[in-house]
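Here are my notes on this model, point by point. Please read them with the structure open.

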Amino acid sequence: MTARKPSFLLAVSAMALTLAASAVLAHGDVVPQAVDTSTLKPLGSEWLTKNPYLGDKEAIRIGDSAFNQNCARCHGLGAVSGGIAPDLRYLPAGQEGDEIFMQRIRKGATRDGRVYMPPFEGILSQEAMWTIRAWLETVRED
Ligand code: HEC
């Protein structure tokens, strides 16, 4: 039995390390998450004013997860408002909503020096932003 002790201790400390590592990872949701858009048509460097991925199934799939990783902590899971930020299901449809959406996601919202929403320009690609918009159109309410 005593011969087994060191490996038991080793196993316990390995487990403690794993737990510590996952505790660190658990805070990862406050860091913007990379969004893989390699399966979509690239959009180039000009900012578009109209969603090029509207109705695109693959973009919608990517946008759903990109939203939950980057936006849901303030705008609610599934875009149902968590209470501290506007309910994005009520953005206008089509290009009118596209423009409000792009302005806000790129620049964020700061008032009186307080950051209400961080800017995502330089953090998420234009492609990633439009996938989120494409997904939002699928959960829209009037
Ligand atoms: C830290 C919290 C936070 C995060 C994260 C966040 N937002 Fe926001 N968002 C806000 C708040 C607060 C407002 C309202 C700002 C204001 O009143 O000026 C807002 C406003 C908006 C608006 C304008 C809504 C309207 O009705 O005019 C859009 C669009 C938007 N956010 C999209 C997003 C998207 C997309 C993401 C993820 C990429 C995101 N937000 C991440 C807090 C956040």
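1. Start with F101. Leaving aside neighbours within four places in sequence, F101 is in contact with L91 and R133. This is a predicted model. F101 sits in helix α4. It is buried, because 20 other C-beta atoms lie within 10 Å, and 20 is the minimum for that class. Its C-alpha atom is separated by 10.0 Å from that of L136, although the two residues are 35 apart along the chain.

2. Confidence. The mean pLDDT of the protein is 85. Of its residues, 78% reach 70 or more. Residues 12–29 are another matter: there the pLDDT is below 50. Beyond near neighbours in sequence, that stretch has one contact in the model. I would not read local detail into residues 12–29, given a pLDDT below 50.

3. Overall layout. The protein has five helices and two strands. From the N terminus on, the order is α-α-α-α-β-β-α. Buried residues make up 23% of the 142 residues. Take the contacts between residues at least 6 apart in sequence: 65% of them join residues at least 24 apart.

4. The core. Which residues touch the most other members of the largest nonpolar core? They are M129 and I132, in a set of 21 residues. Elements giving two or more residues to this core are α2 (57–70), α4 and α5 (126–138). The largest share, seven residues, comes from α5. I132 touches G63, A66, F67 and C71, not counting residues up to four places away in sequence. As background, nonpolar side chains tend to be buried together in soluble globular proteins.

5. The ligand shell. There are 19 residues around the ligand. C71, C74, A85, A109 and M117 come nearest. By class, the shell has 15 nonpolar, two polar and two charged residues. Helix α3 (72–75), helix α4 and strand β2 each supply at least two shell residues. Helix α4 gives the largest share, with four residues. C71 thus turns up twice in these notes: C71 is among the residues nearest the ligand, and C71 is touched by I132.

6. The hairpin. Strand β1 (residues 109–111) and strand β2 (residues 114–117) run antiparallel, joined by three bridges. R111 stands opposite R114 in β2. Two residues lie between the strands of this hairpin. Both A109 and M117, named above for the ligand, fall within these strand ranges.

7. Backbone outliers. Most residues other than glycine have a negative phi. Two residues here deserve a look on that count. A79 has a positive phi of about 70° and is not a glycine. D112 has a positive phi of about 50° and is not a glycine either.

8. Their settings. Are A79 and D112 buried or exposed? A79 lies in the loop between α3 and α4. A79 is buried, because 25 other C-beta atoms lie within 10 Å. D112 is found in the loop between β1 and β2, in the turn of the hairpin. D112 counts as exposed, because its C-beta atom has 5 neighbours inside 10 Å.

Key:
Residues are numbered from 1 along each chain as its sequence is written. This is a predicted model: local features need pLDDT of at least 70, side-chain atom pairs count only at pLDDT 80 or more; totals for chains, interfaces and linings use all residues. Two strands pair if DSSP finds at least two bridges between them. A residue is near a molecule or strand if its C-beta atom, placed from the backbone, lies within 6 Å of it. Ala, Val, Leu, Ile, Met, Phe, Trp, Tyr, Cys and Pro count as nonpolar, Asp, Glu, Lys and Arg as charged, and the others, Gly among them, as polar. A nonpolar core is a set of buried Ala, Val, Leu, Ile, Met, Phe, Trp, Tyr and Cys residues joined through C-beta atoms within 7 Å. A residue is buried if 20 or more other C-beta atoms lie within 10 Å of its own, exposed if 12 or fewer, and partly exposed in between; C-beta atoms are placed from the backbone. Two residues are in contact if their C-beta atoms, placed from the backbone, lie within 7 Å. pLDDT is the predictor's confidence in each residue, from 0 to 100.
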